[in-house]
There are 2 protein chains.
Amino acid sequence: MTHERQKAIARNSLLIRSLPEQHVDALLSQAIWRGYGRGETLFLQEEKAQAIHVVIDGWVKLFRMTPTGAEAVVSVFTRGESFGEAVALKNMPYPVSAEAVTACEVMHIPSSVFLSLMRRDPEIGISILASTFGHLHSLVAQLEQLKAQTGAQRVAEFLLNLCDGGDGTCEVRLPYDKMLIAGRLGMKPESLSRAFARLKDAGVTVRRNHAEIADIAQLRDYAESDPAESWSKG
Amino acid sequence: MTHERQKAIARNSLLIRSLPEQHVDALLSQAIWRGYGRGETLFLQEEKAQAIHVVIDGWVKLFRMTPTGAEAVVSVFTRGESFGEAVALKNMPYPVSAEAVTACEVMHIPSSVFLSLMRRDPEIGISILASTFGHLHSLVAQLEQLKAQTGAQRVAEFLLNLCDGGDGTCEVRLPYDKMLIAGRLGMKPESLSRAFARLKDAGVTVRRNHAEIADIAQLRDYAESDPAESWSKG
DNA sequence: CCCGCGACATGACTATGGTCAAGCGCACCA
DNA sequence: TGGTGCGCTTGACCATAGTCATGTCGCGGG
């Protein structure tokens with residue numbers, strides 16, 4: 001991938017796109033561009049944040065290690081998504097660790113660059129708040145899912161997000177391996193297998209990393225139905 | 001409560017305290033002060049946000065209603081805590097609803113006030129980002145808890161937060177009713193009862209809204225132990 | 001080409017927590 | 001003072017998901 005292509009992707013990222021046009025070139029030219037191999041660490045929980053990160057290509061996961069060694073996946077980002085905005089600007093310690101789950105390209109914008117620009121144009125702060133609000137929102141959505149849905153329903157929503165829009169049939173490719181999907185959805189790989197099995201009679205067929213949804217509307221019904229009544233239809 | 005006392009509490013709130021001194025009076029004088037009765041709604045999910053909210057007294061819960069009518073409590077705020085920062089400044093729809101769970105006093109700062117001040121002093125944007133980061137962080141912590149701990153362990157951590165510091169014995173008052181505690185911790189009231197029962201042999205005695213912790217260090221151990229090994233000690 | 005490893009599926013068993021129903025105690029109120 | 005309602009607890013039962021063990025498939029290395 002050429003650097004020009006990388007810059008084009010960066011410009012199109014949610015974060016950069018919402019910034020005032022005139023500052024974008026300055027930011028991009030001061031960014032640090034780096035590739036990571038699968039499994040490589042971007043940063044560790046408790047480390048002091050010094051940059052905002054924009055994924056250019058590949059997949060990055062954010063996760064927490066519990067005291068007992070279990071890993072809780074908080075989110076998974078790909079091309080055009082950014083993270084670490086709020087923490088970088090306050091020079092605080094990261095609440096999560098970040099790791100490349102596939103080989104990937106990441107742009108790092110040093111927080112000092114952002115800060116000095118921000119002092120000249122307050123609109124930039126507002127843009128960053130918008131990004132941060134997006135993360136807040138997605139965490140709230142995850143919380144709701146964990147508290148109010150069964151595993152199979154969370155998998156259903158995950159699939160729906162992959163093909164969003166329309167309500168006919170649809171084929172999607174699972175973007176990363178099932179171990180990670182399971183973690184992202186708060187379950188063990190075994191449970192994910194069983195959740196897929198259960199989704200068979202909601203019209204979902206999974207083979208390898210390839211899922212076929214017979215009827216999106218039907219699957220959406222399943223995802224939002226009351227867990228208590230699903231068994232009665234079994 | 002006098003208005004002077006209310007202003008003093010507001011000045012001491014996490015949000016206001018982190019703002020540059022010289023703008024505080026201007027902000028406070030333009031704020032809207034209001035009391036709410038138990039059960040009263042502050043705002044509804046999907047409503048457009050037009051203010052930042054600071055709790056002066058009492059308790060406020062943020063929650064989401066799922067399509068099926070179940071309620072997922074996202075957070076519970078009290079004196080000195082604020083919410084809605086990021087969403088207000090972007091004039092976005094609230095991702096959650098807010099309701100007074102006790103009679104309470106709330107200060108509302110119209111987002112227009114904040115915005116105009118922010119355009120004059122970019123430091124304010126940074127302060128707000130700090131608050132927002134705090135919320136982000138607490139949501140991440142909740143996610144980790146839900147994904148990696150049993151109900152009883154979440155209750156243990158909840159108790160530990162109420163008496164934090166030290167490692168001897170400790171008595172705490174449960175700040176709101178058990179229905180709400182259960183919701184906040186992602187379980188049903190019945191499960192909360194059983195969780196308390198289970199904590200008896202971790203040295204916790206609960207009577208009414210009053211909990212006695214025999215040994216904080218022991219309880220901390222319990223909260224962080226591997227769920228898989230807890231039964232073997234049964 | 002076969003071996004072996006790791007991802008994934010499946011089965012058996014268990015623990016955790018939700019649901020339903022019954023019962024208790026405390027507060028509010030006529 | 002004796003309802004009456006609600007918050008809370010308890011027990012029985014069951015669905016959901018974690019654990020452990022076993023088996024299969026696909027892929028890369030020797």
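## A tour of DNA strand D and the chain A–chain B interface

Start by selecting helix 9 (189-199) of chain A, then helix 8 (178-184) and helix 9 (189-199) of chain B: each gives at least two residues to the surface near DNA strand D. Here near means a heavy atom within 4 Å, and helices (H or I, at least four residues) and strands (E, at least two) are DSSP runs numbered from the N terminus. This is a predicted model, in which local features need pLDDT of at least 70, side-chain atom pairs count only at pLDDT 80 or more, and totals for chains, interfaces and linings use all residues. Residues are numbered from 1 along each chain as its sequence is written, chains are lettered from A and ligands numbered from 1 in the order in which they are written, and side-chain values use heavy atoms, without hydrogens and water.

Next, show the 17 residues around DNA strand D; those that come nearest are A:Gly151, A:Ser191, B:Lys178, B:Ser193 and B:Arg194. Of the strand's atoms within 4 Å of the protein, 70% belong to sugar and phosphate.

Zoom in on A:Ser191, where a polar side-chain atom lies 2.5 Å from a phosphate oxygen of DNA strand D. Then pick A:Arg194: an N or O atom of its side chain is 3.3 Å from a base oxygen of DNA strand D.

Now turn to the two protein chains. The contact (heavy atoms within 4.5 Å) takes 44 residues from chain A and 44 residues from chain B. Select A:Glu144 and B:Arg64, whose side chains form a salt bridge (2.1 Å, N to O), that is, a side-chain nitrogen of Lys or Arg within 4 Å of a carboxyl oxygen of Asp or Glu. Finish on helix 6 of chain A, which supplies the largest share of the side of chain A that touches chain B, 19 residues.

Key:
Polar contact = N/O pair within 3.5 Å; in protein donor to acceptor, adjacent residues only side chain to side chain.
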